[in-house]
Amino acid sequence: MSAIREIEIEASPQEVWEALIDEDRRAAWLDEPERVISVTEADAPRRIVWQWWDDDRRASTVEINVIGVAAGARVVVTETRPSFPLAQLASSFALVAA
Amino acid sequence: MSAGLPTDSGKADVGAVFAALADPTRRRMLAALLRDGETSVPSLSAALPISRQMVAKHLATLDSAGLLERGAGRGREVSYRLRDGALHDAARWIREAEMQWDERLGRLKQSVERGGVRRGT
């Protein structure tokens with residue numbers, strides 16, 4: 001189980017990619033100056049994967065896929081904590097959290 | 001809000017919670033806790049095809065992740081129940097991460113669309 005979010009951008013995948021891979025541009029839209037990023041995969045212009053650490057120094061993995069669509073590009077982000085349980089637990093979480 | 005006594009481990013650690021939930025036997029034990037409210041080593045070992053020792057070991061893992069509270073039990077038997085809000089911490093992490101990504105992706109979209117050739121109207 002992970003946090004998953006997506007957005008459509010009216011620009012080509014290549015244009016989106018440049019904002020993902022360029023460190024200064026990425027820092028601007030992430031706006032997380034205190035977090036250290038370690039990029040582990042970069043497959044232009046489709047996919048970037050990094051690890052980063054939160055305030056409690058816990059690691060999570062961020063995977064961003066860029067998909068070409070009619071309107072431009074769809075950007076899909078998946079942020080995962082290590083040792084995540086299987087998706088079937090999502091329903092238990094929802095029950096308990098409700 | 002919890003009426004029960006906290007365990008030694010206190011607040012749940014999100015990483016430890018996810019690690020604790022990664023095991024199918026422990027998920028079955030949690031399902032039993034969600035269903036029955038309270039359980040014990042004897043009742044879990046009667047319900048699951050594993051030894052008392054393994055039940056106790058898995059309970060210790062759930063406990064150290066901050067998921068359990070000890071109840072009074074009957075006689076010498078120790079009962080366990082889910083700590084109030086234990087899974088909230090994990091669910092909250094996901095909700096917060098998704099909210100943060102909505103904001104970041106909004107900024108990414110603005111940055112890219114502003115920087116490139118405008119399309120449409």
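This tour moves from the sheet of chain A to a helix of chain B that packs on it, and ends with the confidence values.

The model is predicted, so that local features need pLDDT of at least 70 and side-chain atom pairs count only at pLDDT 80 or more, while totals for chains, interfaces and linings use all residues. Residues are numbered from 1 along each chain as its sequence is written, and chains are lettered from A and ligands numbered from 1 in the order in which they are written.

Begin with chain A and select its five strands, which form an open antiparallel sheet in the order E1-E5-E4-E3-E2; strands (E, at least two residues) and helices (H or I, at least four) are DSSP runs numbered from the N terminus, and two strands pair if DSSP finds at least two bridges between them. At the edges are E1 (3-9) and E2 (37-43) of chain A, each of which pairs on one side only. Neighbouring strands are turned by 15° against each other on average, direction ignored, where axes are lines fitted to C-alpha atoms, for helices over the stretch in contact, and angles run from 0 to 180 degrees between N-to-C directions.

Next select residues 59-69 and 72-80 of chain A, strands E4 and E5, which pair in the antiparallel sense over nine bridges; here Gly68(A) stands opposite Ala73(A). Then add helix H1 of chain A (residues 13-21), which packs on the sheet, touching E1, E2, E3 (47-53), E4 and E5 of chain A, with its direction at about 160° to that of E4(A); contact requires C-beta atoms, placed from the backbone, within 7 Å.

From chain B, H5(B) also packs on this sheet, touching E1 and E5 of chain A, and its direction makes about 20° with that of E1(A). Select residues 86-115 of chain B to display H5, whose 30 residues reach 45 Å from first C-alpha to last, close to the 44 Å expected at 1.5 Å a residue, the expected span being 1.5 Å times one less than the number of residues.

Now centre on Ala86(B), which is buried because 23 other C-beta atoms lie within 10 Å; the cut-offs are 20 or more for buried, 12 or fewer for exposed, and partly exposed in between. Other buried residues of H5(B) include Trp93(B), Trp101(B) and Val112(B).

Finally, colour chain B by pLDDT, the predictor's confidence in each residue from 0 to 100: the chain's mean is 79, whereas residues 1-10 of chain B stay under 50.

Notes: Contact = placed C-beta atoms within 7 Å.
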